[in-house]
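Trainee: I should like to learn how pockets, cavities, ligand contacts and strand pairing are read from a model. Could we work through an example together?

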Amino acid sequence: MTAFRLVLACLTLLLSTAGQASPGSRLWATGGVTTIDGSAGGGLVPWALLSGYASDREWGGTLALSRLESDDYSLDVAAASFNWRNRLELSIGRQTLDLDSLVFALKEDFGLEQDQLRQDIVGAKLRLWGDVLYSPLGQWSLGLQHKRNRTFLVPEAIGARDDQGTDVYLSASKLLFAAVLDRNLLLNATVRATRANQGGLLGFGGDRNNDHELMAEASVGVFLNRHWLVGLEYRQKPDNLTFADEQDWWDLFLAWVPDRRLAVTAAWVDLGDIAGLQHQQGAYVSLQVSF
Amino acid sequence: MTPIRPWLLILILAVTAGCQTPVAAPDDTLYQDLGARSGIADVVEELLYLIVDDDRINRQFRGLDVVSFHRHLTDQLCQLAGGPCTYSGRAMRPLHAEMAITDTEFNALTENLVLAMERNGIATGVQNRLLARLIALYPEVRNL
Ligand code: HEM
């Protein structure tokens with residue numbers, strides 16, 4: 001949890017020094033929020049938007065802490081990102097999954113003493129073309145996420161082939177002004193090449209499939225006004241392990257952006273089955289500070 | 001003259017007349033929702049105050065003929081909103097091209113416009129409708 005504490009400390013510091021220089025010139029909430037992988041986007045799906053508010057002559061970034069609690073698990077994420085001139089986003093994230101109810105089963109069935117799964121993610125996202133607000137065809141970005149398990153005992157025991165992997169994705173985002181009841185509509189679509197099991201927390205590759213596959217991800221959001229964004233996300237997932245069936249992810253989110261410095265996101269998340277425990281649904285909360 | 005001809009003539013007249021008549025009065029609901037020309041003029045005035053205070057862009061506006069700028073921008077927004085105004089200022093592209101406006105500056109101006117509308121009590125939906133029309137000018141202003 002040291003990463004968590006470090007991010008928390010910086011985040012508090014940033015919030016307490018708020019009121020000085022503004023984080024950047026892009027319009028409110030156009031940096032999205034921080035996904036569980038550390039890249040800018042919604043909660044589960046990366047968007048073509050680059051983190052924070054840096055525009056073409058500026059730099060900036062974000063710090064974020066997130067927590068997801070499903071029926072049998074809890075996931076903590078600490079993440080940081082840097083945005084150079086709204087061209088390149090670099091991010092790091094650390095995920096810690098508390099196995100809660102799975103701990104006993106692991107001990108009984110596999111003789112494993114493990115109560116957490118941990119993974120580090122380093123990400124890069126390049127804006128290829130366009131601006132989400134001003135370009136008729138929206139904004140297009142190419143990203144990658146390199147993921148490494150810090151604890152591989154459990155993924156290995158259930159059949160994962162590798163403790164690291166790299167996702168590559170292409171995203172498009174477009175804001176349509178006054179599209180729904182005169183409210184602005186944000187559309188995002190992402191195609192990801194991945195062999196990650198449960199986003200990588202259960203390792204990479206498996207007996208059913210060991211190659212990168214293309215997955216579709218999408219989200220739709222409506223800006224109630226410039227402070228509130230409500231929306232829906234979908235993330236298709238591979239299903240590489242016979243031992244642990246995996247389903248697509250869904251969430252329904254509400255993000256509050258009181259000003260550029262702060263964003264608070266709450267979501268209802270449906271993760272499907274995870275490592276044999278069925279129907280994982282729960283709540284997600286994320287706090288993001290921009291600098 | 002065969003008897004068909006007059007009917008054909010009537011038909012043609014009817015069709016072409018149908019094309020020309022009720023040239024529906026231009027939709028000016030956005031103009032009205034913005035508070036007509038005086039409402040728009042207030043927004044532009046507020047925008048000017050915000051620009052002067054904004055270090056990201058006020059350099060560009062140094063030495064501005066405030067009265068003429070105010071009239072021209074008000075007319076332009078009024079026309080864009082479907083109101084009974086005619087923009088009589090200079091063409092967007094050549095005027096802005098020499099300033100080499102960056103995205104940072106464009107965003108700063110958009111932000112100030114939104115704040116100016118907010119301070120004049122313009123509803124979110126009305127702001128969005130104006131922005132939807134304004135962003136069409138982005139390539140001209142940035143000279144892309
Ligand atoms: C959609 C965005 C924009 C619109 C619709 C717009 C519109 C206008 C209009 C109507 C005028 C008056 C022209 C005249 O009096 O002949 C003007 C002048 C001007 N604009 Fe823009 N503009 C936009 C963006 C910008 C940006 C981003 C900047 C720079 C930060 C900028 C800087 C200026 C300056 C400095 C003048 C005064 C030029 C002079 O009088 O010599 N404009 N603009």
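Trainee: Into how many nonpolar, polar and charged residues does the lining of the largest pocket divide?

Mentor: One reads the character of a lining by sorting its residues into classes, and since this model is predicted, the sorting applies to a predicted lining. Here the lining of the largest pocket comprises 22 nonpolar, eight polar and four charged residues.

Trainee: What volume does the largest pocket have, and which residues are closest to its centre?

Mentor: A volume is best read together with the residues around the centre. The space in the largest pocket is about 810 Å³. Its lining has 34 residues, and B:F61, B:F69, B:L73, B:H96 and B:L109 are the closest to the centre.

Trainee: Which elements supply at least two residues each to that lining of the largest pocket?

Mentor: The next step is to assign the lining to helices and strands. In chain B, at least two residues each come from α3 (36-53), α4 (66-80), α5 (92-97), α6 (103-119), α7 (124-134) and α8 (138-141). The largest share belongs to α4(B), which provides six residues of the lining of the largest pocket.

Trainee: Where does the ligand sit?

Mentor: The ligand sits in the largest pocket. Its surroundings consist of 23 residues, and those that come nearest are B:Q60, B:F61, B:H72, B:R90 and B:H96. B:F61 and B:H96 are also among the residues closest to the centre of the largest pocket.

Trainee: Which polar atoms lie 2.6 Å, 2.8 Å and 2.9 Å from atoms of the ligand?

Mentor: For each contact, one should note the atom on either side and whether the protein atom belongs to a side chain or to the backbone. B:H72 places a polar side-chain atom 2.6 Å from an oxygen atom of the ligand. In the case of B:R90, a polar backbone atom is 2.8 Å from an oxygen atom of the ligand. The side chain of B:H96 has an N or O atom 2.9 Å from a nitrogen atom of the ligand.

Trainee: Which element gives the most to the shell around the ligand, and how do the residues of the shell divide?

Mentor: The shell can be read in the manner of a pocket lining. With five residues, α4(B) gives the most to the shell around the ligand. In chain B, α4, α5 and α6 each contribute at least two residues to this shell. By class, the shell divides into 15 nonpolar, six polar and two charged residues.

Trainee: What volume does the second largest pocket have, and which residues are closest to its centre?

Mentor: For any pocket, the chain letters of the lining residues deserve attention. The second largest pocket holds about 300 Å³ of space. It is lined by 17 residues, of which A:W28, A:N184, A:N225, A:R226 and B:N128 are the closest to the centre. Elements of both chains each supply at least two lining residues: β8 (164-180) and β10 (213-225) of chain A, with α6 and α7 of chain B. The element that gives the most is α7(B), with four residues. Eight nonpolar, seven polar and two charged residues make up this lining.

Trainee: How many cavities of 30 Å³ or more does the structure hold, and which residues lie nearest the centre of the largest cavity?

Mentor: Cavities are read with the questions already used for pockets. The structure holds six cavities of 30 Å³ or more. About 150 Å³ of space lies in the largest cavity. Of its 15 lining residues, A:L75, A:L97, A:L201, A:L271 and A:I274 lie nearest the centre. In chain A, β3 (59-70), β4 (74-84), β5 and β13 (262-274) each supply at least two residues of this lining. The lining has ten nonpolar residues, five polar and no charged.

Trainee: What is the volume of the second largest cavity, and which element gives the most to its lining?

Mentor: The second largest cavity has about 90 Å³ of volume. Its lining counts 13 residues, and the closest to its centre are A:G32, A:V33, A:W47, A:L229 and A:A255. Two or more residues come from each of β12 (249-259) and β13 of chain A. With three residues, β12(A) gives the most to this lining.

Trainee: In which sense, parallel or antiparallel, do β5(A) and β6(A) pair?

Mentor: A pairing is described by its sense, its bridges and individual partners. Strands β5 (residues 88-98) and β6 (residues 116-129) of chain A pair in the antiparallel sense over eleven bridges. Within this pairing, A:Q95 has A:Q119 of β6(A) as its bridge partner. β6(A) also runs antiparallel to β7 (residues 139-149) of chain A, joined by ten bridges. There, A:S141 in β7(A) stands opposite A:R127.

Methods:
Residues are numbered from 1 along each chain as its sequence is written. Chains are lettered from A and ligands numbered from 1 in the order in which they are written. This is a predicted model: local features need pLDDT of at least 70, side-chain atom pairs count only at pLDDT 80 or more; totals for chains, interfaces and linings use all residues. Side-chain values use heavy atoms; hydrogens and water are left out. On a 1 Å grid over the protein atoms alone, a cavity is a set of points where a 1.4 Å probe fits but cannot get out, and a pocket is an open set with protein on both sides within 12 Å along at least five of seven lines; lining residues have an atom within 4 Å of a point. Grid points are joined across faces, edges and corners, and a volume is the space filled by probe spheres set on the points. Ala, Val, Leu, Ile, Met, Phe, Trp, Tyr, Cys and Pro count as nonpolar, Asp, Glu, Lys and Arg as charged, and the others, Gly among them, as polar. A residue is near a molecule or strand if one of its heavy atoms lies within 4 Å of it. A polar contact is a pair of N or O atoms within 3.5 Å; within protein, one must be able to donate a hydrogen and the other to accept it, and residues adjacent in sequence count only if both atoms are side-chain atoms. A molecule sits in a cavity or pocket if more than half of its atoms lie within 2 Å of its grid points. Two strands pair if DSSP finds at least two bridges between them.
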